[in-house]
Each structure stands twice: as structure tokens, then as C-alpha cells.
Amino acid sequence: MDRPILKNKIYLYLTEFFAGMSVMAVELGASRLLAPYFSSSQIVWTIIIGTIMIAMALGNLYGGKKSDKDPNPDKLYARIIVAAIWIAAIPVVGKYIIVLISGVLIVTISNNLLIIAAFLACMIIFVFPLFLLGTVTPSLVKFTVDSLEDSGSIVGRLNASNTIGSIIGTFVPTFISIPAVGTAITFLIFAAILIVLCIIYFFSAGLNIKRNKKIPVAIALFIVCAIFGHDASFAFWQDELTYEGESVYNYLQVYEDDSKVVLSTNVLFGTQSVYVKEEGPTGLYYDSAMASLYMAGVSQKSNLDVLILGNGSGTFSTQSKRYFDNLNVTGVEIDEKISDLAGEYFELSEDDRIITYDGRAYLNADNNKYDVIMVDAYKDITIPFQMSSQEFFMLVRDHLKDDGVMVVNMNMTSNEEGNISQYIEDTIASVFENVYVSDVEGTTNTELFASTDNEILNTLNKSVTKETNKDLIEMMSKVMGNISYYNGGDYILTDDRAPVELLGMRALDSIIKEELTYYKKVYKEEGIQGLLK
């Protein structure tokens, strides 16, 4: 079939370039679309990469077979148009599909809910358009290679074009489009690029638009998707959010009521920070964590140097400073946008020194020693392995003063042997001589206190007996009533081996299983109507 535009190999290389760019952009967009529901752990990334590679492999096979059997470039660019419209539709229907899949699985399965839901969501939402884009390379080889003499060079240029496009498609969403305009608009941008590419082809080929309605239909559908899909809300069932947006690292959501302000980076389970507006006990892990201040001698020292790794919205600092005025706080938070929100919505003290950095990297660069180091970097199953290993806790120990205390907030306790909490506790116990744990009543949190000082528990007890503030007495009484010495075992995490994602997924799956028992009972007795009520 004679298409003059195909004689211009630059256009074919551009087609390969934009196809490769769009594939990577969709892959990164997939991670951001799934993260608010299933986290951004290595497991979720594995599911995304695996399903996309399946789609591309099948597309390569299909495209090669079709190009040999029916080498019609019109059909190739028609497939690209379909892929583009599908990509544009992802912001419109993707989040509803995810919630629907999760809702169906909640009442049908008992184990591995998040893994199965994430896999099915990837298969339904992303496989088909990337399968179509996978047909591009073998089809273009058919149109581009004129003779065997230069076939190697031409195929090499096509692959290079695809690779360069993939590189750009990797960096642009992560560092430019998603932080600037969000995930939804990013999908629309790359869908528009593919549609423009196809418009150029069909117009240049001299096809009769009145007879060939692909372009007008594609433009109309894209406009519909742009109108209904530009909304960046992932929690579409929630009204009156105080803030919703995205950063380089996270989807971010802030909501508040008369009593509290809440930060969440996902919408299906858990919250990351809760700021209670009225002074007094929060009933959350921040209360228990303040025992570390007593252990480090806050009542005896004129100043206490505190380092928070995983500062988040600064709630621990804010709550502690309500009761103690001798704290010098340094907070380390990798997501600068969260720190901005902390100042705007969570009453973060202007006296706090906030560092935008990875927690472990900061310890490597910092020479200071602290009375208290709080590790609060673990959320749902997104546990940074580099901040859970034996080598990391050695760094923390080296940054503590002789009577310093490390407090670690663990938010997924489990009674199963070899659970994530046991791994972290055993790892810490292999580094610190004195390790104590205290469960936080009414939550899945456990606070762990570790030190090389043998007297931290005695210091806590003595300080509390002299305390006159009723709130603090109440909070510390709960800690001392639950606290126990931890004897370390053999479950050790190291930089070389730290399967925290699998362990975290197992723990979270167990928690979800327990929480869903009620809803399964309602479904069994009352059906869908009962769940809707």
C-alpha cells in the first residue's frame, strides 16, 4: 500500500519514539493510579512491570504476525488511536474499576486481597492499550526495511528511537507532569500525543475523513475523556477534603473535622498522621512514644535533642511540645510537599528544623548525637528496607548519646510467627542491649524503645512518679502497664536480605482479613443492599 509519508523514515522513527515514550509514561502512571489504593511497594511495582511485559510480549507477537499477513499501515495507526483513547479513558474509569474489583474480592476471597486486586486491576486497565502499542515495533520494521543490506541499521535505529522515547517517558511523568498537573492529566497528555501522531499520518496519507471517521471519532472521545477525566480525586466517594494533590513521592490527602486533621497517602486503608486540635491525650501512638522523652531524661535536662526520621506532618513533635518546652527538634522527611502541608494544616512549630532527605542518608551525613531518635518511617506495607536493617539501626545507635533512646513506631502487629514486627524487633535487639515494647491500646501499633543505657526503664518510672500533669501521668501509666522487655531472636534483617514488602503484605493481609469479617457477615445475611447501607 502506497503511503508517501512512510517513505520518510524520520516519521517512522518518531512513531517508534512516541510509542516507547507512551508505554513508560503509562507504566509510571499505573504506579501512581494504584498507589493510593494498594501502596507503592516493590510488590505492586512487580505486578505492574510483570503485567506490562506480558502485554508488550503479546503485542510484539501479534504485531509481527499481522504485519506479515496484512502489512496495512492504516491498521497499525488505527490500533495506536484505539490505544490512545483507552489511555485517555483511564482517568475516567480506572479508579472505579479498582474500587469495584476490591469490593468484589472483599466478599469472595479471604487471603492475598491486595495482591490479587492489584493484579486484576493491572490486567483490566493497562494490558490492552499496551498490547496495542506492543504491535508498533514489528509493524514498523515491515514498513521501514527496504532491503537486507541495511536491515540491521534500520532496526537498530528503530530500537534506539524506542529506547530514547522510553527514557524521556520515564523522567517526564516522574519529575514534571505528575507533580505539576497530576496523574490524570498525565494520562491525557500522552494520549493526546499519540492521537496527534495518528492525525498527521491519516491527513498526510490523503484519506477521506468523511469516509474514514477514525479521526473525528477519536477527537470527540478524547474531548469527552478530557472533560470527565481531569479530576485528580482518587477518593471520589469523599466530600469536602481540605486538600488533595500529588508530590514526586505520594498521593496526598488532608481532611479535617472539629477535633482533628488527618494526612493520608492512600484511600483504602490506614492514615499516616493525625493532629488532634485540642490539647490532651490523642489516644494514638504519639502518646506512648513520648515515654522515650522520659527515658532520655527530659525532666532532668535543660534541653533534649530530638531527631525524627519520617517526620511526616510533625505530629509527634507538636504533641510533645505541648507538654515539654525544652525540646530541640530536627525532623527528616523525604517528601517536601508533606512538610509544606505540615506547616499549613498541622500547626508544625516554626522552631523545628526540617530537613528534606532520606532518613538513612541523613544519618550518613550527620555528625550530631541525640537524646532521642524516633523512627517513624513505616506506613502500611511501604516499609523502606534501608531503614529496617541491622546496618541502619547501627547507624541510629552511633547517633545516640550514651543515655539516648531510640523509639520506633511499628504499625502492623501480628501474632504469626516470623511476622514483620518480629523481624524488626529481633533486628533491633541484635544491635541494642536494652529493648522494650509496649502495645498501643485500641490500635495495631506497637512502640519499641531501645538503648545501650541499662537505666532507661528506671528513669521512666522515677520521672513519672514526680510528674504532676494528669494527662502525662495517664499516658505514661498506660505505657508502663503494657511495657515488657524484649528478648531478641534470630529473625534478622540486613541490607543484603530484607524482604520487608512480603512480610508487610502478609501482616496487612491478616489485618484486612480480620477487619472484613464484619462486612462478609453483613453481605452473607443481607447481600449487596446490606453493604450499601
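Guide: Two residues are in contact when heavy atoms of one lie within 4.5 Å of heavy atoms of the other. Keep that in mind for what follows. The model above is predicted.

Visitor: Which residues is Phe131 in contact with, leaving aside its neighbours within four places in sequence?

Guide: With those neighbours left out, Phe131 touches Ala55, Leu58, Gly59 and Tyr62. Phe131 itself belongs to helix α4, which covers residues 113-134. Take Ile54 as a reference point: 77 residues separate Phe131 from Ile54 in sequence, while their C-alpha atoms are 8.2 Å apart in space.

Visitor: What share of the contacts in the protein links residues 24 or more positions apart?

Guide: Among contacts with a separation of 6 or more, 74% are between residues at least 24 positions apart.

Visitor: How many helices and strands are there in the protein?

Guide: The count is 19 helices and 12 strands. The protein has 533 residues, and 54% of them are buried. Its accessible surface is about 23,600 Å², and carbon and sulfur atoms hold 55% of that area.

Visitor: Now the strands. How do strands of a sheet pair?

Guide: The general idea is that strands in a sheet pair through backbone hydrogen bonds, in a parallel or an antiparallel way. For the case here, look at the open sheet of 4 strands, whose order is β1-β2-β3-β4 and whose pairing is antiparallel. Its edge strands are β1 (243-246) and β4 (273-276), each of which pairs on one side only. On average, neighbouring strands in this sheet are turned by 10° against each other, with direction ignored.

Visitor: How many bridges join β1 to β2?

Guide: Strand β2 spans residues 251-256, and 4 bridges join it to β1 in an antiparallel run. Two of the residue pairs can be found by name. Glu246 is opposite Tyr251 of β2, and Glu244 has Gln253 as its bridge partner. The two strands make a hairpin, with 4 residues between them.

Visitor: And what do β2 and β3 form?

Guide: β2 and β3 also form a hairpin, with 3 residues between the strands. Strand β3 covers residues 260-264 and is joined to β2 by 4 bridges, again antiparallel. Gln253 appears here too, with Ser264 in β3 as its bridge partner.

Visitor: Next, the side chains. How many salt bridges does a search of the whole structure find?

Guide: To read one, look for a side-chain nitrogen of Lys or Arg within 4 Å of a carboxyl oxygen of Asp or Glu. The search of the whole structure gives 12. In one of them, Lys75 is joined to Asp70, with 2.4 Å between the closest N and O atoms. Another links Asp257 to Lys260, where the closest N and O atoms are 2.7 Å apart.

Visitor: Is Lys75 buried or partly exposed?

Guide: Residues under 20% relative accessible area are buried, those over 50% are exposed, and those in between are partly exposed. Lys75 is partly exposed because its relative accessibility is 39%, and Asp70 is partly exposed at 26%. Asp257, at 34%, also counts as partly exposed. Lys260 has 28% and is partly exposed as well.

Visitor: Which residue meets Lys321 in a salt bridge?

Guide: Asp352 does, at 2.4 Å from N to O. This pair ties together distant parts of the chain, 31 residues apart: Asp352 is in the loop between α12 (336-345) and β7 (353-355), and Lys321 is in helix α11 (residues 315-321). Asp352 is buried, with 7% relative accessibility, whereas Lys321 is partly exposed at 24%.

Visitor: Which residues are linked in a network of salt bridges?

Guide: The network of salt bridges consists of Lys301, Asp305, Asp371, Lys401 and Asp403.

Visitor: Back to the loop between α12 and β7. What is phi of Glu347 near?

Guide: Glu347 lies in that loop between α12 and β7. Its phi is near 55°, a positive value in a residue that is not glycine. Glu347 is exposed because its relative accessible area is 53%.

Visitor: Last, the cysteines. What does the count of disulfides come to?

Guide: In general, a disulfide is a covalent bond joining the sulfur atoms of two cysteines. The count here comes to 0. As for single cysteines, Cys198 is buried, with a relative accessibility of 0%, and Cys225 is buried at 9%.

Terms used. Residues are numbered from 1 along each chain as its sequence is written. This is a predicted model: local features need pLDDT of at least 70, side-chain atom pairs count only at pLDDT 80 or more; totals for chains, interfaces and linings use all residues. Side-chain values use heavy atoms; hydrogens and water are left out. Buried means under 20% relative accessible area, exposed over 50%, partly exposed in between (1.4 Å probe, protein chains only). Accessible areas come from the Shrake-Rupley method with a 1.4 Å probe; for residues, only the protein chains shown count as cover. Two strands pair if DSSP finds at least two bridges between them. Axes are lines fitted to C-alpha atoms, for helices over the stretch in contact, and angles run from 0 to 180 degrees between N-to-C directions. A disulfide is a pair of cysteine sulfur atoms within 2.5 Å.
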